[in-house]
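Reader: I would like a close look at a single part of this model, taken residue by residue, with its surroundings followed outward from there. Please keep to what can be computed from the atoms.

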Amino acid sequence: MENLELLYTGKTKNVYKLANGNCLLKFKDDCTGKDGVFDPGENTVGLTIEGVGDVNLRMSIYFFEKINAAGIRTHYVSANLDDTTMEVLPARVFGKGLEVICRYRAVGSFFRRYSDYCTLGDKLPAYVETTFKNDEKGDPLVTKDGLVDLGVMTSEQYDSLKAMTQAITKIVADDLMEKGLELYDIKFEFGYDKDGNVMLIDEIASGNMRVYKDGQYIDPMTLNQLFFA
């Protein structure tokens with residue numbers, strides 16, 4: 001990759017420009033965390049775990065291929081496990097970056113915000129929420145009206161994003177259920193192509209989902225082991 005143009009250095013991946021106009025994601029073994037403890041919710045790199053990049057890529061390949069086969073638009077083109085890279089279509093992010101969470105259970109930040117109105121672990125009907133990627137502001141929530149009125153996306157793009165989020169989440173949840181695992185919530189990133197079509201971007205890895213087995217939370221590293229067992 002010495003001859004490729006580096007477009008972006010991320011916490012867990014680097015992005016390069018390919019000669020064919022696509023991009024190359026290089027998965028790293030760096031993990032978000034604090035004081036040497038792995039925590040997918042942290043916004044800084046806290047440690048390096050050998051093989052994390054490889055397993056994150058493997059899970060991403062697995063789900064991207066399923067999602068593409070279902071006719072849902074993603075940026076995934078191909079991958080190379082030998083050098084831990086994934087070729088993707090170019091995509092623009094919404095605003096300065098947007099995260100989309102789909103929730104099946106009332107846990108985490110959802111429960112902290114709305115505990116006056118629900119009980120921990122209550123079932124949710126594929127609830128979708130969007131947050132701006134901004135570490136300093138704590139990834140603030142933003143509504144559909146906010147996204148449209150601020151010019152981040154059109155109403156039609158939001159409706160497409162929401163429907164895609166719920167469809168993709170069902171694919172992941174159904175697959176986990178076959179392995180005796182229950183998906184509580186999952187975080188995605190979306191962008192759009194030159195024609196404005198919404199597409200799933202980034203990765204689909206264990207660190208972006210909250211999964212339980214027999215009522216017990218499964219940490220991302222253990223989830224990787226169970227998933228590929």
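Author: In this predicted model, Glu99 touches Glu129, Thr130, Thr131, Lys133, Asp139, Lys187, Phe188 and Glu189, once residues up to four places away in sequence are set aside. Glu99 itself belongs to strand 10, which covers residues 98–105, and because its relative accessible area is 10%, under the 20% limit, it counts as buried. Among the contacts of Glu99 are Glu129, Thr130 and Thr131, and strand 11 is the run of residues 123–132.

One of the residues that Glu99 touches, Lys133, also appears in the lining of the second largest pocket, together with Gly95, Lys96, Gly97, Phe132, Asn134, Lys137 and Pro140. That lining divides into 2 nonpolar, 3 polar and 3 charged residues, and the space within the second largest pocket comes to about 190 Å³. Rolling a probe the size of a water molecule over the atoms is what shows where such empty space is left.

Further along strand 11 (residues 123–132) lies Tyr127, which at 30% relative accessibility counts as partly exposed. Tyr127 is in contact with Ile101, Cys102, Arg103, Phe110 and Tyr114, again leaving out residues up to four places away in sequence. The C-alpha atoms of Tyr127 and Arg105 are 8.7 Å apart in space, although 22 residues separate the two in sequence.

The loop between strand 13 (182–192) and strand 14 (198–201) holds Asp193, a residue that is buried with a relative accessible area of 14%. A polar atom of the Asp193 side chain lies 2.9 Å from the backbone nitrogen of Asp195, and the backbone nitrogen of Asn197 lies 2.8 Å from a polar atom of that side chain. Beyond its neighbours within four places in sequence, Asp193 is in contact with Arg73 and Met199.

A side-chain oxygen of another aspartate, Asp219, comes to within 3.1 Å of the backbone nitrogen of Met221 at the start of helix 5. In helix 5, which covers residues 220–227, the buried residues are Pro220, Leu223, Asn224 and Phe227. These cover an arc of only 105° around the axis, and therefore they sit on the same side of helix 5.

Technical notes:
Residues numbered from 1 in each chain as written. Predicted model: local features only at pLDDT ≥ 70, side-chain atom pairs only at ≥ 80, totals over all residues. Heavy atoms only, no water. Buried < 20%, exposed > 50% of the residue type's maximum accessible area, 1.4 Å probe, protein only. Helix = DSSP H or I, 4+ residues; strand = E, 2+ residues; numbered from the N terminus. Arc of directions from axis to C-beta. Polar contact = N/O pair within 3.5 Å; in protein donor to acceptor, adjacent residues only side chain to side chain. 1 Å grid on protein atoms, 1.4 Å probe; cavity = no way out; pocket = protein on both sides within 12 Å on 5 of 7 lines; lining within 4 Å. Points joined across faces, edges and corners; volume = space filled by probe spheres on them. Nonpolar A, V, L, I, M, F, W, Y, C, P; charged D, E, K, R; others polar. Contact = heavy atoms within 4.5 Å.
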